[in-house]
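Trainee: Before we turn to details, please take me through this model by question and answer. I would like the terms explained as they come up.

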Amino acid sequence: MGQLWSLVPVSHSGSKGTLGMRLSRLVAAACPPALVLGVLGAGPAAAAPAPDWESPFPCGQQWVGSTRSSHSPSYYSVDFNRPDDLEDLVTATAPGVVTRVANTGSTSYGQYIIVDHGDGYNSLYAHMHAQYVTTGQRVDQGHVLGLVGSSGGSTGPHLHFEEKLWSQVQRPYFHQSAYSFGSTLTSRNCPDVPLAGNFNGSGGDEWAVYRRAPGNGVFRIYREGAKPLRITLGYGADTPVVGDWDGNGKTDVGVRRPGLKEWMLRTSDGRVRKFTYGWRSDVPVTGDWDGDGTTEVGVWRPSTATFRLRVSAGDVRVTKLGSVGSLPVTGDWNGDGMSDIGVYNPGSRQFTIRNRPIGAAPRTYTFGKSRDIPVPGDWDGNGRTNLATWSPATATYAMRSPGGTVTTKKFGLERIR
């Protein structure tokens with residue numbers, strides 16, 4: 001085995017999430033103990049630090065992981081169990097791109113999913129009962145991938161999980177700590193999801209996040225000079241949505257439950273309307289598609305890169321835009337009172353937006369940084385939606401005005417990476 005590192009100072013006195021600790025961890029995982037003492041000479045560039053692996057289950061859940069000397073393909077593979085775990089939710093441990101959604105039948109992994117997190121790192125989820133994503137789809141940390149099952153060569157319900165570097169299974173880490181097999185793991189897969197809306201009815205949009213808390217999810221809405229407004233709605237693994245459901249000029253909150261395809265929309269008076277729409281793997285979108293002052297729902301179908309906008313129960317408008325790896329965005333780009341569609345590609349940092357009429361040629365803009373999450377909003381209250389992104393690493397909104405000026409606002413919880 002060749003040398004992995006050139007001279008790199010490694011600090012053992014920093015906080016849990018410091019680069020020094022993460023580099024030390026990577027050396028320990030990649031090198032046998034006998035080789036660690038010899039890695040400080042000249043050599044090829046170091047591998048990138050590992051992702052912030054979190055538990056493959058929703059925030060707050062407790063699971064026990066086991067292994068055995070003959071565990072295939074590696075002793076470091078983890079079999080997770082808890083009582084009555086059949087059809088429990090499985091979530092992405094870190095942001096990435098789904099590279100495989102496969103089924104080996106009654107042998108091996110059965111129904112399994114692989115997510116590529118970049119820099120040679122992958123996570124694998126096997127023996128699943130159901131799969132809710134498609135190959136090429138981008139997923140964020142905490143995104144529901146499917147359900148725990150007993151497919152393939154399994155003898156009982158459990159999740160077989162692997163963390164890999166260049167196809168080699170690594171010692172599992174969760175929240176920057178090495179996992180001790182046989183111990184109870186409490187999930188800290190609790191990331192904030194950024195949002196924007198005119199929650200106070202003043203005309204311009206405010207910042208908000210949906211916190212994937214244990215059990216319920218919590219909307220946290222920014223208020224100038226006061227603590228954030230908190231609204232509890234849905235389950236922590238739900239997908240948050242916002243819109244003016246009752247047409248009173250204020251943005252309301254809602255969620256969509258991936259497995260059940262169920263929407264829950266809460267109006268300002270506290271009432272919640274429930275209905276089902278779309279496929280399990282669809283990504284929810286919202287907007288005022290017909291300009292009547294109320295927000296309707298829709299979905300973006302990753303497998304076909306297609307928007308399906310529900311104007312009414314019997315009227316669905318279908319438009320193709322983007323590619324399977326895009327992220328959908330919506331907004332009133334031209335200020336005509338009707339919501340338009342768009343997509344964002346984090347790799348190229350490119351927004352592609354399309355105004356009505358649908359036949360109009362799309363326009364493209366480059367904005368944001370790698371790994372940013374798109375979150376457009378009408379920040380100046382002029383009736384037009386502006387481009388914006390949110391950085392998970394710094395919990396900072398970057399908002400672009402029509403003239404190109406960029407302003408920033410920090411709101412929400414930072415992630416380790």
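Mentor: Burial is judged by relative accessible area, computed with a 1.4 Å probe on protein chains only: a residue is buried under 20%, exposed over 50%, and partly exposed in between. The model is predicted, and local features need pLDDT of at least 70, side-chain atom pairs count only at pLDDT 80 or more, while totals for chains, interfaces and linings use all residues. Residues are numbered from 1 along each chain as its sequence is written, and side-chain values use heavy atoms, with hydrogens and water left out.

Trainee: Does Glu162 count as buried or exposed?

Mentor: Glu162 forms a salt bridge with Lys164 (a side-chain nitrogen of Lys or Arg within 4 Å of a carboxyl oxygen of Asp or Glu), and their closest N and O atoms are 3.4 Å apart. The partner, Lys164, is buried, with a relative accessible area of 17%. Glu162 itself has a relative accessibility of 0%, so its class is buried.

Trainee: How many salt bridges does a search of the whole structure find?

Mentor: Side chains of opposite charge can pair when their charged atoms come close. Another such pair is formed by the side chains of Lys410 and Glu414, at 2.5 Å from N to O, and Lys410 counts as partly exposed at 45% relative accessibility. Over the whole structure, the number of salt bridges found is ten.

Trainee: How many residues apart in sequence are the parts that the pair Arg415 and Asp140 ties together?

Mentor: The side chains of Arg415 and Asp140 meet in a salt bridge of 2.8 Å, N to O. Arg415 lies in the segment after strand 34 (406-410) and Asp140 in the loop between strand 8 (138-139) and strand 9, so the pair ties together parts whose separation in residues is 275. Strands here are DSSP runs of E with at least two residues, and helices are runs of H or I with at least four, numbered from the N terminus. Arg415 is buried, and its relative accessible area is 7%, while the separation asked for is again 275.

Trainee: Which strands each supply at least two residues of the largest nonpolar core?

Mentor: A nonpolar core is a set of buried Ala, Val, Leu, Ile, Met, Phe, Trp, Tyr and Cys residues joined through side-chain atoms within 4.5 Å. The largest one has 20 residues, and Phe80, Ile113, Tyr125, Leu145 and Leu159 have the most contacts inside it. The strands that each supply at least two of its residues are strand 2 (78-81), strand 5 (111-118), strand 9 (144-148) and strand 10 (159-165).

Trainee: Which residue in strand 5 stands opposite Val101?

Mentor: Strand 4 (96-103) pairs with two neighbours, where pairing requires that DSSP finds at least two bridges between the strands. With strand 8, strand 4 pairs in the antiparallel sense over two bridges, and there Gly96 stands opposite Val139. Strand 4 and strand 5 also run antiparallel, joined by six bridges, and in strand 5 the residue opposite Val101 is Ile113.

Trainee: What is the C-alpha to C-alpha distance between Gly342 and Val329?

Mentor: Gly342 belongs to strand 28 (residues 340-345) and is buried, with a relative accessible area of 0%. Beyond its neighbours within four places in sequence, the residues in contact with Gly342 (heavy atoms within 4.5 Å) include Phe307, Trp333 and Val329. Gly342 and Val329 are 13 residues apart in sequence, yet their C-alpha atoms are separated by 5.0 Å.

Trainee: Which residue has the backbone oxygen that lies 2.8 Å from a polar atom of the side chain of Thr286?

Mentor: Thr286 is found in strand 23 (residues 283-287) and counts as buried at 14% relative accessibility. Its contacts outside four places in sequence include Trp245, Trp263 and Thr330. The backbone oxygen at 2.8 Å from a polar atom of its side chain is that of Val242.

Trainee: What is the phi of Trp166, roughly?

Mentor: Trp166 sits in the loop between strand 10 and strand 11 (168-169) and is exposed, its relative accessible area being 61%. Asp84 offers a parallel case, with a positive phi near 55 degrees in a residue other than glycine. Trp166 is not a glycine either, and its phi is positive, at about 50 degrees.

Methods. A polar contact is a pair of N or O atoms within 3.5 Å; within protein, one must be able to donate a hydrogen and the other to accept it, and residues adjacent in sequence count only if both atoms are side-chain atoms.
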